[in-house]
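Here's a quick tour of one protein model, written for someone who likes cut-offs spelled out. Have a look at the sequence and the fold before reading on.

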Amino acid sequence: MVRSSVLTLLLALAQAGWAGQTIDVGIYQNEPKIFANSQGQPDGFFVELLGKIAAEEGWFLNYLPCEWPVCLNNLEQGKIDLLPDVAYSEERARHFLFGREVVLSSWSVVYVRDDNDIPSLKELDGKSLAVVKGSIQFQAIREKLEELEVSPAFHEVNSFSDVFRLVKIGWVDAGLVNTYFGRKYASEYQLKKTNILVRPSLLSFAAAPNRQPLLDTIDKHLAAYKSDSQSVYYQLIANWFSPLEVKQHLPPWIKWVLILGSLAGLLLTAIAILFHFLIKRKTAELSDKAARLEHLANHDPLTSLPNRKLFFDRLQQSLHRAEREDTVLAVLYIDLDQFKQINDSFGHAIGDEVLKEIAARLESAIRDEDTIARLGGDEFAVIMESLKEAENTLHCVQRLNSVFKEPVAVHDLHFVLSASIGISLFPQDGTDAHTLLRNADTAMFKAKEAGRGTFQFYVEDMTRNAVQRARLETDLRQALEGDGLEVHYQPQIGLKDGRIVGFEALARWRHPELGILLPNQFIPLAEDSGLILPLGEWVLRTACRQISQWHSEGIGIGTVAVNISAHQLTDYALLDVVKKVLRETGCHPEWLELELTESSIMTQTQQAVSVMNQLRELGVQLAIDDFGTGYSSLAYLRLLPIAKLKIDRSFIKHVAENVDDVAIVRAVTALGKTLNLKVVAEGVETREQETLLRTEGCDEAQGYYYSRALLAAEAKEFLRQQATHA
């Protein structure tokens, strides 16, 4: 009896010890149960429930955002005290504590696109399935599929939102999420649920290994809440989760009475209304329908601006007037710069709201006699009539550009936009509608090349350049399918001993007419034409195959660096491509180094860090190329799993005589030492440059001073010669 009293007293004192304390709570994105809302504040069912308990106990809650696998790891290591919404498993129970009271139970469901159908688990064989990495749902369905000897390709992501996003864009055939998330967001992603259900998970609060008193206090409150049907627990369930459909079973005779009574009442009402208003109403309906059909046939449904069909009709009429009155007419082709990033990052619903606001602003900026139309996507066109001279067009362009000065606000988001504008003039740039619009489009692309947010008048050379560009794109496709591309290898030299420490793999295009083309002559074309992904994979595969061959011949070459473009970094399949290439070529991950430009990382920060971390876990080394040309911060660099910084060649070119470039090299080298990174200088061409870089503490260098980029056989001979002179 005495022992029991003492234990009870100690437990009460331990629980009371939490009063007034700060509780570190992990939070991750799993709407509607727990998530950070659009203002970055903790929200969801578990957040409000825990907030109620904390208010009663006098706790201070400190929410720490983390990805799901990181949250579990932080909980196990005691970096956080508490993690809500954790499904129980015996494996997890060995690493941290679970509350006795179950808060929710959750089934999981497989979702597919509306045009797809997967009726059973066996139909998943050979298909791709997106799952949340480390989740109980993933573990459960994988065990079941193994029992059935079904082998889908799993794509592991960090959140249910990523699962739905991959299914929607077609990267995978299906995705597994819990019923709460699926019920709320399936319609937004245009997905439908299948009949494939995964056993329910029991969701509880989980705590760090030494936080049992904290869980005991929470369990005490939960038990009290669940025993009271009017408690905050049931109120929060009603607020956050859609109630299940409840079917009421009425006696058949009551149903028939209700149906017949309703029909009789509706029939009498309809007869009375139709008898009095039939002719007038029918006439009005036909008139309205005709007007609606006419409007839909000639206007954009999103912005209500004239569509392409009406634009061409009005342009042809305007051309007749301009020819008759001997006046100048201008066609402006407007394209929003980088609008695709808004759709990709925030969804098409937000993108549509931005387009409607921009359309309204553009319409208000033109003259009454002008016409503006939406041609499709983020492209608009303007017809300017009755111009006395071409220079009058500039006033309209200035008004159109002014609409982008103020950010576009959608809900709590603000977007700063710009537009590229191409201009063609009648009669000098064309005498028919299609030619004028095509030439304005060509001028618009020239404006984008000039730096975006500007305008260009059409000149005849643009058409020739466009034709040449199209022909060059065709040649590049043929080169990629044939044997027109090569990989050359430029040695990288250690500045301490002058030894070769590795190579950089550089693509070359052996064009049948233009000769050898360097990357800056065709990589931008590959990015614009969508060829950068297959081109990047080809370079990676070719380099890895060569690395493996050198190692099989006993040739020590250090690491070989391969450049990764911004388009590849934003591709969800990059990690799978690297794994596949390494497996098929026999190349070890530690032999390979991937170079990513500073600007590509900074424009896709969250996704870039995630992909880089996974590549580093694979064993691949990472380097930042062209360092100093972007806007990365020291705090951000510390988060990146990189091993090298490569100083851009523009800072090396005049380093021997320019004190500013010396200061930049010194600063980058010091930064590398601070972060324990190797520093590599690109574009070294003179002994003076090498001497200065060695003095400043730079680790490695490459450039024409040592060697040009070599074919594989030449690189092998270069290694042999160095070994001979060693």
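What follows covers a sheet and its helices, then the cysteines, then the nonpolar cores.

First, the housekeeping. The model is predicted, so local features need pLDDT of at least 70 and side-chain atom pairs count only at pLDDT 80 or more, while totals for chains, interfaces and linings use all residues. Residues are numbered from 1 along each chain as its sequence is written, and side-chain values use heavy atoms, with hydrogens and water left out.

**The sheet**

Let's start with an open sheet of five strands, ordered β13-β14-β12-β17-β18 and with mixed pairing. Strands here are DSSP E runs of at least two residues, helices are H or I runs of at least four, and both are numbered from the N terminus. Two strands pair if DSSP finds at least two bridges between them. On that basis β13 and β18 (455-457) are the edge strands, each pairing on one side only. Ignoring direction, neighbouring strands of the sheet are turned by 20° against each other on average.

Two helices go with this sheet, where contact means heavy atoms within 4.5 Å. Helix α11 (residues 308-325) packs on it, touching β12 (328-336), β13, β14 and β17 (419-426), and its direction makes about 20° with that of β14. Helix α15 (residues 433-449) lies across β12, β13, β14, β17 and β18 and runs at about 145° to β17. Those angles run from 0 to 180 degrees between N-to-C directions, using axes fitted to C-alpha atoms, for helices over the stretch in contact.

Is edge strand β13 enclosed or open? Strand β13 (residues 371-376) has five of its six residues buried, so it is largely enclosed by the rest of the structure. Buried means under 20% relative accessible area, with exposed over 50% and partly exposed in between (1.4 Å probe, protein chains only). Strand β13 runs antiparallel to β14 (residues 379-387), and five bridges join the two. Across that pairing, A373 has A381 as its bridge partner, and G376 stands opposite E379. The hairpin has two residues between the strands, and G377 takes a positive phi near 55° there.

**The cysteines**

A disulfide is taken as a pair of cysteine sulfur atoms within 2.5 Å, and the structure holds one. Here is how two cysteine pairs compare with that cut-off:

| Cysteine pair | Sulfur-sulfur distance | Status |
|---|---|---|
| C66 and C71 | 1.9 Å | disulfide |
| C544 and C587 | 4.1 Å | too far for a bond |

The torsion about the S-S bond of C66 and C71 is about 95°, so this disulfide is right-handed. C66 counts as buried at 15% relative accessibility, and C71 does too at 0%. In the unbonded pair, C544 is buried at 0% and C587 is buried at 3%.

**The nonpolar cores**

A nonpolar core is a set of buried Ala, Val, Leu, Ile, Met, Phe, Trp, Tyr and Cys residues joined through side-chain atoms within 4.5 Å. The largest one has 81 residues, of which Y489, L540, L594 and I642 touch the most other members. Helix α18 (residues 532-552) gives the most to this core, with eight residues. Leaving out residues up to four places away in sequence, L540 touches V562, V577, V578, V581, L592 and L594. Apart from that core lies another, of 63 residues, including Y63, V103, V167 and I218.
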